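This report describes selected features of the structure shown below. It moves from the surroundings of individual residues to the sheet, a helix and the contact between chains.

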Amino acid sequence: MTKLKTQSLKKRASELANTNRQLEILSNGIFKNGELPTFKDKIAETNQFPLRAKKLEILQINVGYMCNQVCEHCHVDAGPDRQEIMTKETMQQCLDVIKKTGAHTLDLTGGAPEMNPNFRWFVEEASKAGIKDFIVRSNLTIIRANRKYYDLPEFFKKHNVHVVSSMPHWTRGKTDKQRGDSVFDKSIKALQELNVVGYGMPDSSLRLDLVYNPSGAFLPSDQSSMEKDFKKALMEDFGIQFHNLFAITNLPISRFLDYLIASENYEDYMYQLVEAYNPTAVANVMCTNTLSVSWDGYLYDCDFNQMLALPVNSKVKHISEYNEELLEGRNIVISQHCYGCTAGAGSSCQGTVA
Amino acid sequence: MSKTYYDPADLRKFGKITEWDEELGNKFFDYYGKVFEEGALTAREKSLIALAVAHTEQCPYCIDAYTKDSLQRGVTKEEMMEAIHVGAAIKGGATLVHGVQMMNKVNKLDG
């Protein structure tokens, strides 16, 4: 078993820190020689090309790539060494948009969003906009990382934040293999603390959802079956409760792409994705109802396109020039990584889509 | 021509079996699909049974397929290994229990 790396691809000056190199890999080889169809050709078979943005429902804001963890499969290539952090000025520009957006969901992500020094101010201000569903993607361990974060469960509760957290497995071994030593124990402790303030309890309006993504080169299984298994194990072993499990497919980009290539699983994994292609999922992929904002305010069709430096195909490029009407109907920028969102029951930041 | 009898990539071609006999091939895959649906046993339990049988049948394609299927269903490596030991115990027991037949024969011929 390979030892978990402690630095980002960027810090290690890995070839794959270059997004153009990632896009080259995704466009060459089995996709260039015709062994597998490109995503564009595949969706064209069912007249779904070009994919177009529908009415905006989810505004996802990445407030920075800094994180206290260095997870094996992180599509952000996040870690303690990443310095890209959203400034207060860009946050203010985001707040101007949050106040007028028609989106029903605001979704803050990172890195560990809590590590942005203006995170709490931003949450306080954003919560005033009264958006129906206000998500913070918390990696759980941040709550136990430092005394200054210990009150996060209370802070989330005060602002009625919907907490969504990654949990790759209900056992220590599989979780720590993917997310780092002692991540499992800290995550369990954090979940228990969230439960104590009311998060995840059956009748509670304080939503606590978990995200499952596979620990290796395989696709997730049925979301509802996995949810049952997670609920049973976490309750029996630790007395933990949560609401829903989102099963997410690992997309072949960034550190997961690095892992696939290093473990000689890349081609088999792409075959799996293409063989599991589901045209029904295409109709509901998240890029058609989501907009992703990067730490420096630029706009992307999804968080994955952000990490591949594939900006929106629109005159509107930056949060400072935001215009929801102009962005609607834009053509979505695609490559072969998009197969990750259309495999099986589909995959999005909110779980399955088909 | 391949120099080995088994090529991992052949597993992907399993569905092509229907090309030479569509009716029987489709009947098999319909049946196969139905067997692995959630029923009185969960799909996860069925995956572990399949993994154990894959080993007793020593089918490399099935071992690849059901190792991956088990991982997808959140099965741990400890659970997988225990399942294989169940298969190995039955396989070993099936050999050894024939020892009774040998003993019966010895007793009859030379008792």
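## Core, sheet and chain contact

Beyond its neighbours within four places in sequence, A:Tyr212 is in contact with A:Met167, A:Pro168, A:Pro220, A:Met226, A:Phe230, A:Leu245, A:Ala247 and A:Ile248. The model is a predicted one. A:Tyr212 is also among the residues with the most contacts inside the largest nonpolar core, together with A:Leu106, A:Val163 and A:Val285; this core has 113 residues. Helix α8 (residues 183-196) of chain A gives the most to the core, with 6 residues.

A:Val285 appears again in the surroundings of A:Leu51. Residues up to four places away in sequence aside, A:Leu51 touches A:Ile43, A:Val285, A:Cys287, A:Thr288, A:Ile332 and A:Ile334. A:Leu51 is located in the loop between α2 (39-45) and β1 (58-62) of chain A. This loop residue counts as buried because 21 other C-beta atoms lie within 10 Å, where 20 or more are required. Between the C-alpha atoms of A:Leu51 and A:Gly198 the separation is 40 Å, with the two positions 147 residues apart along the chain.

Chain A contains an open sheet of 8 strands with mixed pairing, in the order β6-β5-β4-β3-β2-β1-β7-β8. Its edge strands, β6 (245-247) and β8 (299-300) of chain A, each pair on one side only. Within the sheet, β2 (residues 105-109) and β3 (residues 133-137) of chain A are parallel and are linked by 4 bridges. One bridge partner in β3(A) is A:Val136, which is matched with A:Leu108.

Helix α10 (residues 254-262) of chain A is mostly covered, with 7 of its 9 residues buried. The buried positions are A:Ser254, A:Arg255, A:Phe256, A:Leu257, A:Asp258, A:Tyr259 and A:Leu260. Their cover includes three other helices of chain A, listed here.

| Helix covering α10(A) | Residues |
|---|---|
| α1(A) | 19-27 |
| α11(A) | 266-275 |
| α13(A) | 303-307 |

After α10(A) comes A:Glu264, which has a positive phi near 55°.

The contact between the chains takes 13 residues from chain A and 9 residues from chain B. On the side of chain B that touches chain A, the elements giving two or more residues are α2 (43-56) and α3 (60-72) of chain B. The largest share of that side, 3 residues, comes from α3(B). By class, the same side of chain B has 4 charged, 3 polar and 2 nonpolar residues.

Technical notes
Residues are numbered from 1 along each chain as its sequence is written. Chains are lettered from A and ligands numbered from 1 in the order in which they are written. This is a predicted model: local features need pLDDT of at least 70, side-chain atom pairs count only at pLDDT 80 or more; totals for chains, interfaces and linings use all residues. Two strands pair if DSSP finds at least two bridges between them. Two residues are in contact if their C-beta atoms, placed from the backbone, lie within 7 Å. Ala, Val, Leu, Ile, Met, Phe, Trp, Tyr, Cys and Pro count as nonpolar, Asp, Glu, Lys and Arg as charged, and the others, Gly among them, as polar. A nonpolar core is a set of buried Ala, Val, Leu, Ile, Met, Phe, Trp, Tyr and Cys residues joined through C-beta atoms within 7 Å. A residue is buried if 20 or more other C-beta atoms lie within 10 Å of its own, exposed if 12 or fewer, and partly exposed in between; C-beta atoms are placed from the backbone.
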